[in-house]
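Work through the exercises below with the model open. Try each task before reading its solution.

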Amino acid sequence: MPTRRHFLAGSAAAIGLAPLSAAPEARATAAAPAPALATTGTTTPNLVVILADDLGYGDLGAYGQQLITTPRIDRLAAEGLRFTDAYSTAAVCAPSRCSLLTGLHTGHSAVRANPNGAPGTLQAGDTTFAEVLRARGYRTAVFGKWGFGPEEGDQPSHPNSRGFEEFYGYIDHGHAHEYHPQYLWHNGAKETIAANANGAKGAYAPQLIEQRALDFITDHAAEPFLLFLTPTVPHAPSDIPDVGAYASRTWSQQNKGHAAQITYFDTLVGKVTDRLRALAIAENTVVLVTSDNGPHEEGGVNPDLFDANGPLRGYKRNLYEGGVRVPLIAWSPGRIGAGTSDRPTPLTDVLPTLADLGGAPAPTDIDGLSAAPLLAGSPDTARHNHLYWFRDERGVTSRANSEDGGRATWLAEAVRKDHWKAVRFAPVRDHALPDAQWQVELYDLASDVGERRDVAGANPSVVAGLVTLMRSSWSDSYVRKPFGIRAQVQGPAVPGQAFTVTATLGNGSAKPWTGALLALHAPAGWQVRATTGTGSDLLPAGATLTASWRVTPPATAAAGTQWPLSVDGTAQSPTGPLRYSAAERVSTVPPAPVADAYLSDLPWVSAANGWGPVERDRSNGRKPAGDGTPISFGGVTHAKGLGVHAPSEIVYHLGGTADRFTALVGIDDFSTNQAATGAVKASVRGDGKLLFSSGKLTGAGGPVQVDVDVRGVHLLYLVVEDANANTALDHTSWALARVTVR
């Protein structure tokens, strides 16, 4: 399975301050901290991004709200820069947040839809704004809703693997709907919330998240920091301990709670700025306040009561302005002057803007443009040629569906260029559908910001041009340029035998780097020998530096153990020193089987699963290993096996002792009984050689028999891949998976 760079202990330079330390979980996995880079003495601002969940364009007083009070954010809007034409990059949460983090719009980003089954994941080539800033010495944290799975502590889409030193909150979207959860994640571990045990409501998660954020600011006031604060308010349900000033209103309880959630968000923003002022760092901090998409109507909330979309048409899930135009306020006393900007500003601009503010190189293959000059008062800030949105949404709400003319579950995309906005809908789920079969609408935002007059018929040439832009903005697969560091361990590790580690430092930025160097750190007692050069005096823009090492664990290394390795990539950019770090683990193999055995009874070398844990013996979706109903194919049950969710890879050490591997593999009844849309492909590999391939598997087609010769095979790989570009309902089982030993 592909590896992913991690930014952990010793992974970034301190800028004029002390070397970085790691979060507790990170320290446990780092092999050896690298020395701090030379300091620059430059001043860089702290950076705070506060992202509301489903806060509409009209939900704040500064944007016209009359019923809900938001005095603290309104003050920031009066003192700072208020954007009137800021846009989320999607009309629902997951793709919007992916684009915000990576600077890619939904025609290019890794996550383009809300989860329908397995949660979306960031890809190996993606770079987040935290990774960009971490390399320049920023302390980084995200508190609140993350949203990219699987819900596990050690996986390549986890915040700690994506540049955030510290994380506290929800990994999974579904879990984030609980305001009184029984646990929250702190870095890679679940922390039980005793006050919420057995359905109690003793601790309100947004308040727990709030305290972590305030403590982070206090703890790092003396060094540059990046705080990404993502509370779940005002997402449904309208759950809050006290509706406060809205208790006497004649509204429904859901509407009272919703209003109170927005006021709570306002208070939270105020507490953050109060803490910055109290620590005398407000003048050296840039705060951005925004939302991930338009207002919701779930859980009994009536957005029309509050005029939550202001003068705009649409809600969450619509690609009309009300679904994607969001509040955006930039505040920094003494740095950002008071004013208003009508620059069309998508949240893809956050990554390059933060990079500019922090003096960090950014990838050049992103869709965002830096708005840092605008924040500094310059009229010469770059403007987008056009803005693009894509929607693939299966959820339906009544108002959003009505605005879409009953097409809420259709594929849709939209483009804004200057004052023109085109929205089009595909009657089938196929982006490659010929243009003539899409239903296209055109609006002139200069005279019709509410998008009530479709003028497509009167402007065919404008429509044609915008449709061309839609087509050009979409890529089925968007290949990224290498940026930062990636490492690949060609393990596992056999005590006393060498294996290879390869690392690449990619300069995907616009300017050359000098003094590039790669270094590998292994556990004490392990031998490390470079087999290639590890440095380069000049790393031009777009170039890469690759190095390899042969690593030998001692013959006494304990079997069945995970060992930490880390690779540092350092260089000098025009704005200062850089350090990227890739933290990986390699496993020493467990003992080979000495008798016939079911694989569910053997320890594995490694296991990667697309959604939740690999389940031994039983098969039931996201539940823990060993929990659930027995594996069933066509009503026939099997007690022994492995339950996985594509994509997955499980590796076993056979040590050349086994004769044959047999199994049944297919999409089990658990998934098939929910829907017949799952499709996967299974394969068996031995020491890198393909031994078996199932072809396309579906629930309707049933399982297939596996019977392969594994004589002489040391490492056995069981792999399941998605076969229809939709990982929902791809739960797959290896039933009766067994090796015989000669």
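**Exercise 1. Place Thr 575 and list its contacts.**

Start with the contacts, meaning heavy atoms within 4.5 Å. Leaving aside neighbours within four places in sequence, Thr 575 touches Arg 136, Gly 359, Ala 360 and Pro 361. Take Pro 361 next: 214 residues separate it from Thr 575 along the chain, yet their C-alpha atoms are 7.9 Å apart. Now place the residue. Thr 575 sits in the loop between strand 22 (562-573) and strand 23 (576-587). Helices (H or I, at least four residues) and strands (E, at least two) are DSSP runs, numbered from the N terminus. Last, check exposure. Thr 575 counts as partly exposed because its relative accessibility is 42%. The cut-offs are under 20% relative accessible area for buried, over 50% for exposed and partly exposed in between, with a 1.4 Å probe and protein chains only.

Before going on, note the basis: this is a predicted model, where local features need pLDDT of at least 70, side-chain atom pairs count only at pLDDT 80 or more, and totals for chains, interfaces and linings use all residues. Residues are numbered from 1 along each chain as its sequence is written, and side-chain values use heavy atoms, with hydrogens and water left out.

**Exercise 2. Describe the second largest pocket.**

A pocket here is an open set of points on a 1 Å grid over the protein atoms alone, where a 1.4 Å probe fits, with protein on both sides within 12 Å along at least five of seven lines; lining residues have an atom within 4 Å of a point. Begin with volume, the space filled by probe spheres set on the points. The second largest pocket holds about 440 Å³. Its lining has 20 residues, and Asp 356, Ala 360, Pro 361, Ala 362 and Ala 510 are the closest to the centre. Ala 360 and Pro 361 also appear among the contacts of Thr 575. Next, find the main contributor. Helix 8 (residues 350-358) gives the largest share of the lining, 3 residues. Finally, sort by type: 11 nonpolar, 7 polar and 2 charged. Here Ala, Val, Leu, Ile, Met, Phe, Trp, Tyr, Cys and Pro are nonpolar, Asp, Glu, Lys and Arg are charged, and the others, Gly among them, are polar.

**Exercise 3. In what order do the strands of the open sheet with strands 25 and 33 run?**

The order of the 5 strands is 25-30-35-32-33, with antiparallel pairing. Two strands pair if DSSP finds at least two bridges between them. Strand 25 (606-609) and strand 33 (689-697) are the edges, each pairing on one side only. Now zoom in. Strand 32 (residues 680-686) joins strand 33 over 6 bridges. One partnership links Ser 683 to Ser 693 in strand 33. Then inspect the loop between these two strands, where Asp 687 lies. Its phi is near 50°, a positive value in a residue other than glycine. Asp 687 is partly exposed, since its relative accessible area is 42%.

**Exercise 4. Is Glu 451 buried or exposed?**

First locate it: Glu 451 is in the loop between strand 15 (439-444) and helix 11 (460-473). Its relative accessibility is 0%, so Glu 451 counts as buried. Its phi is also positive, near 50°.

**Exercise 5. Find two cis peptide bonds.**

Val 233 and Pro 234 share one, with omega about 0°. Pro 234 lies in the loop between strand 7 (225-230) and helix 6 (253-278). Another joins Ala 646 and Pro 647, with omega about -5°. Pro 647 falls in the loop between strand 29 (641-645) and strand 30 (648-653).
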